[in-house]
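Okay, thanks everyone, let's get going. I'll put the structure up and then walk you through a couple of its strand pairings.

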Amino acid sequence: MNKQQKIIIAVMALIGLLLAAWMLLPRRAAAPAPAPAPAEAEHGEHREARPEQVTLDDAQIKAAGVTLALAAPADIGVAITLPGEIRFNEDRTAHVVPKLAGVVTSVLAELGQNVRQGQVLAVIASSGLSEQRSELLSAERRLALASTTYEREHRLWQDKISAEQDYLQARQALSEAEIAVRNARQKLSAIGAGVGAGAGAGAGAGAAAGAQLNRLELRAPFDGVVMEKHLALGEAVKEDAAVFTISDLSNVWAEIAVPPKDLALVRVGETVVVKASAFDAQASGKITYVGSLLGEQTRTAKARVALANPERAWRPGLFVSVDVLSGRAAAAVAVAADAIQTVDDKPVVFVKVAGGFRAQPVVAGRSDGRLTEIVKGLAAGAQYAAAGSFVLKAELGKDGAEHAH
């Protein structure tokens, strides 16, 4: 390698070093830029922090409906929780059957429809009903004839024109005709039909009534909801087919499974609290029945709670838990159950402080729905918001949002 080549190589190396230095200098200058990060992090922490105090004066507290109370020792009801399920009230559930075979000519009620007592659900054409109504109409005509004959024979016997035997025979025929009419009417009444139900009123209905003698109307036995429907237009139904199931959902049963060890605590007449498993709802009811036998498979006894259901929120098939009071226990510190709120997924009690309230984190213990035991976080004698604490929670959320902004 001669001297000229060495010079060329040295120049090229120098140019490469200069280019590398030029490319690296901007990056090194920009590297210190993230230095303000701690301030931003500090600002972020400051922005996410929530205020723990709600500022309210006495007038605002009164206007918000917040009631104060003192945390104090108390006796709290201890309850056992049993699994259960909402069932139909079997005393108010009926299977509608035709009682006579026939063919469906009209269906007037649909599944899930609310029906009133006596409302027509469906109409069936039944030859058996036609025969029974014909029997009644014939019996009524024989009764009319027997009545006329009796009156005539009675007058003739009083006038000494006919023998007493003829009068007695007419009276006997009248009595038998009356019995036949009563028997025919009671047959129709037993199947929920009558000569006036689609067949006209009485024997004078004539040919117009004759066309409707086979009309069997199926009616709702009480107010309720159509829970099942098993017939269609033109379908032939048997006399014992359950074509409709009607249930009154204004009152349902909560059926609970009671293990043997808890049977002594579950007594008829006791008031219990029923809680829904799928949503936040609870209601009180009374135990109306406790089974005397244990199930062969479950080894538990069945108990039943009558539950008012005016809004129909308790639907049959819904799983529930039932709290049964088993006794009372002393708690060193207890507050009203409604006083406990959840803030940042933690239970808190709003304690009265100068200028407002402070959200005090607590550890809750047993509760009977009225009082809740405080295991940790609150001392006896502390003044807290017993009612209206949800207003304070809302104010705390508003303050947190404004602070973050």
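**Strands, sheet and hairpin**

Let's start with E6 and strand E9, residues 224–229: the two run antiparallel, joined by two bridges. If you want a spot to click on, valine 115 sits opposite glycine 224 of E9. Keep in mind as we go that this is a predicted model.

So where does that pair belong? It's part of an open sheet of four strands, ordered E4-E11-E9-E6, with antiparallel pairing. At the edges you have strand E4, 93–96, and strand E6, 114–115, each of them pairing on one side only.

Okay, zooming out for a second. Overall, the protein has seven helices and 22 strands. There are 405 residues, and 32% of them are buried. Now the contacts: take those between residues at least 6 apart in sequence, and 75% of them link residues at least 24 apart. As for the surface, about 24100 Å² is accessible, and carbon and sulfur atoms account for 56% of that.

Next stop is E19, residues 356–361. Strand E18, residues 346–353, runs antiparallel to E19, with six bridges between them. One of the pairs to look at is valine 348, whose bridge partner in E19 is proline 361. These two strands make a hairpin with two residues in between, and in that turn glycine 355 has a positive phi, about 90°.

E19 also pairs with strand E1, residues 53–55, again antiparallel, through three bridges. Here glutamine 53 has arginine 358 of E19 as its bridge partner.

That's my tour, happy to rotate the view for anyone.

How values were computed
Residues are numbered from 1 along each chain as its sequence is written. This is a predicted model: local features need pLDDT of at least 70, side-chain atom pairs count only at pLDDT 80 or more; totals for chains, interfaces and linings use all residues. Side-chain values use heavy atoms; hydrogens and water are left out. Two strands pair if DSSP finds at least two bridges between them. Buried means under 20% relative accessible area, exposed over 50%, partly exposed in between (1.4 Å probe, protein chains only). Contact means heavy atoms within 4.5 Å. Accessible areas come from the Shrake-Rupley method with a 1.4 Å probe; for residues, only the protein chains shown count as cover.
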